[in-house]
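Student: I should like to examine this structure with you and learn how its descriptive terms are justified. May we begin with the model itself?

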Amino acid sequence: MLCACSGEQFKFDAEDAPQSPESLATRDFSASGFSSRATGDWDSKVDDIQVDEAESTLKEALSLNYEEARALLGRLEYQRGNYDAALQVFQGIDIVSLTPRMTRAVVERTRPLRKHRSKGEKADSVPPPGLMSLHSISLLLEAILLKAKSLEELGHCKEAAKECKIILDIVESGLPNGMPEGFGEDCKLQEMFHKALELLPHLWIKAGLLEEAIIAYRRALVKPWNLDPKKVASVQRDLAVTLLYGGVEARLPPELKVWGPIAPKDNVEEAILLLLILMEKVASKEMEWDAEIMDHLTYALSVTGQFELLAEYVEQALPGIYNRAERWYILALCYSAAGQNEAALNLLKKLFCHSEAKCRPHIPSFLLGAKLCSLDRKNAHEGIKFSRGVIQSTTSQKEHFLAEAYKFLGICYGNVARKSISDTERVFFQKEALESLNCAFLNEREDPEMMYYLGLEHAVQRNVEAAFDYAIMYSDTVAGNSGRGWKLLALILSADQRLKDAQSIVDFSLDEAGSMDQLELLRLKAVLQIAQEQPKQAIGTYRILLAMIQAQRELHSKNFHKTKYITSEAPSVKILEIATWQDLATIYMKLGSLPDAEICTEKAKSIEFYSPGSWHTTGMLFEAQSQYKEALVSFSISLAIEPDYIPSIISTAEILMKLGRQSMPIARSFLMNALRLEPTNHDAWMNLGLISKMEGSLQQAADYFQAAYELKLSAPVQSFV
């Protein structure tokens, strides 16, 4: 042993050879016929072997004891924690010269197993003379593995990974198609190889070489290495995690693209494939539930916009993993992210069922329900219910939850107010809306969302000065990085009849806004130009807007697989494009260019035939040509599509007023309906004044005209909501 430590070359005499159970030399002799216990067999097997060849073989076998001694001593030093000493011992093993012999031995020693597995017949198991035994290889591989671990302990992770990789290269060179069944039952070779397979990627990660780590993970998975199913699952999970969060793009090499065109195109797709395989194993009970796998899958599918697929796997989770409220909440998040707000809301409404009455309230679910309801007026009453559920269940210590609940409560109250039939209800709900938003603001004074919605609610109620203050406060808080903030500020300025200032705000914000905000701001700029009686400039702005919409559509169509996670913007872009053609048609009608107006109207219809705005524009076109009956038909179609479409309601009343006094009561009812839906509509008040004047009610007409005048002075160029 001491000689081995000193690095000097030596040879044992045959009778002094180590006889420990781990002795490589003894195993070699047994395999080659040199064991005294098998001398009888040896005579029959080596009749043709010359004496000099036997002597050479014996010398080779005995010289290996030098490497064996170092392997055993190195193991002892490693177990004692003497990593420096272990490393010095292991460095004396000449692995480079031994590698060809080890590879050849793996090939020859495993040939009977492979032949038996492939043909089903017993093969000749006698190996060539002088061949290293699997036990010899196992001990040497263990030495390499312990050398790598010693380097790791000493902080040399890159060098450790290179050493560990030698083990994989040796075994894979001898077993290019993977390990045969039944391999490694009587030696530690397979065990050492499996440990190296697991250790190598972690060493590369610690060395900061993530691409090499990914290659190592893939190497462990692409061939049948007889790994335990749990270890295979662990490798798959670790590879998926590295691909997702590593920050490097490691594409599949050509030899691994066995699926052809449907092979994973990037890290995220490969990670999703691995995680889905793991989820299938969980579903088939091949492995136990692992919450981390679901967390990683949630992240991966979220960043790629595949929320409906995520919902499917949440639904596959076995009962008991999530309680009912949590399951509904996660599913609602998935459907909401996929743009299916109604489906999400239907799930959250289950929280109000009788079976959940005695359960502890799930605050995140109530908040999500309140948020979804705040996005749609028709769900405003449900939103109030969700918001109050949070307020009643939340302690004062959770100020953030209370603030969010009051915010959504205020938004929902405002939406209810805009749907209210009676003035008394409307005033009450408007008051509740401001009080709730003020409560939210008091709890979260630094939250820009509270400032924005307070400014919006004040603007809707035509409190222009207060709305302006909150809009300025919001813009200062977000440092101007909000398209909707600039839009609200511009609309408030337009309601104060400061049209030039409003356009300046829009021009300034166009450079800062995102793609969708930029399109909406361009349309607002055109509307402001129309309000300033600049139709030619407005037409030019609309042309730029349409060109940008077309360019965005072409970009999305070319890169659909990369941009599918933002296709939720597509409906908004479509609505904006339709509105643009309708606005252009209105401009051309005012300029007297009816053929151009008709072209624009037909263009809007070609995008969406059942658009109330397009049929309203068609009716206006007929009205400009004094074809009142045709205009009434178009307005009727518009109202059939959307009964509460206010422009068509008012235009229908105007046509009826032109048809004679007998139609005045019907026209009045239309206008009153318009005011029920939008009490601040100055056009409706103006037409009511005209009807009262025709009927001889001059005082009433004067009051209506006064209301129309005052409302027009505070009317924005576009609706605030």
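Student: Why are Glu-172 and Arg-219 called buried or exposed, and which word applies?

Tutor: Both Glu-172 and Arg-219 are buried, and buried means under 20% relative accessible area, exposed over 50% and partly exposed in between (1.4 Å probe, protein chains only). The model is predicted, so local features need pLDDT of at least 70 and side-chain atom pairs count only at pLDDT 80 or more, while totals for chains, interfaces and linings use all residues. Residues are numbered from 1 along each chain as its sequence is written, and side-chain values use heavy atoms, with hydrogens and water left out.

Student: What makes the pair Glu-172 and Arg-219 a salt bridge?

Tutor: A salt bridge is a side-chain nitrogen of Lys or Arg within 4 Å of a carboxyl oxygen of Asp or Glu. For Glu-172 and Arg-219 the N to O distance is 2.7 Å, so the definition is met. The structure holds 27 salt bridges.

Student: Why is the pair Glu-172 and Arg-219 said to tie together parts of the chain?

Tutor: Glu-172 belongs to helix H8 (residues 157-174) and Arg-219 to helix H10 (residues 210-221), so the pair joins parts that are 47 residues apart in sequence. Helices (H or I, at least four residues) and strands (E, at least two) are DSSP runs, numbered from the N terminus.

Student: How do you know that Glu-198 and Lys-231 form a salt bridge?

Tutor: Their closest N and O atoms are 3.4 Å apart, which is within the limit, and therefore the pair qualifies. The pair links distant parts of the chain, with Glu-198 in helix H9 (residues 189-206) and Lys-231 in helix H11 (residues 229-245), 33 residues apart.

Student: What makes Glu-198 and Lys-231 partly exposed?

Tutor: Glu-198 has a relative accessible area of 30% and Lys-231 has 33%. Each value lies between the two cut-offs, so both residues count as partly exposed.

Student: How do you know that Lys-487 and Glu-520 meet in a salt bridge, and where do they lie?

Tutor: The N to O distance between their side chains is 3.9 Å. Lys-487 lies in helix H23 (residues 483-495) and Glu-520 in helix H25 (residues 515-531), so this pair ties together parts that are 33 residues apart in sequence. Lys-487, at 22% relative accessibility, is partly exposed, as is Glu-520 at 27%.

Student: Why is H23 called roughly parallel to H25?

Tutor: The axes of H23 and H25 come within 10 Å and cross at roughly 15 degrees. That makes the two helices roughly parallel, because angles under 35 degrees count as roughly parallel, over 145 as roughly antiparallel, 65 to 115 as roughly perpendicular and the rest as oblique. Axes are lines fitted to C-alpha atoms, for helices over the stretch in contact, and angles run from 0 to 180 degrees between N-to-C directions. Contact means heavy atoms within 4.5 Å.

Student: Why is Arg-462 called buried?

Tutor: Its relative accessibility is 18%, so Arg-462 counts as buried. Arg-462 is found in the loop between helix H21 (448-460) and helix H22 (464-477). Its phi is near 65 degrees, a positive value in a residue other than glycine.

Student: What makes Gln-497 partly exposed?

Tutor: Gln-497 has a relative accessible area of 41%, so it counts as partly exposed. Gln-497 lies in the loop between H23 and helix H24 (499-510), and has a positive phi of about 65 degrees although it is not a glycine.
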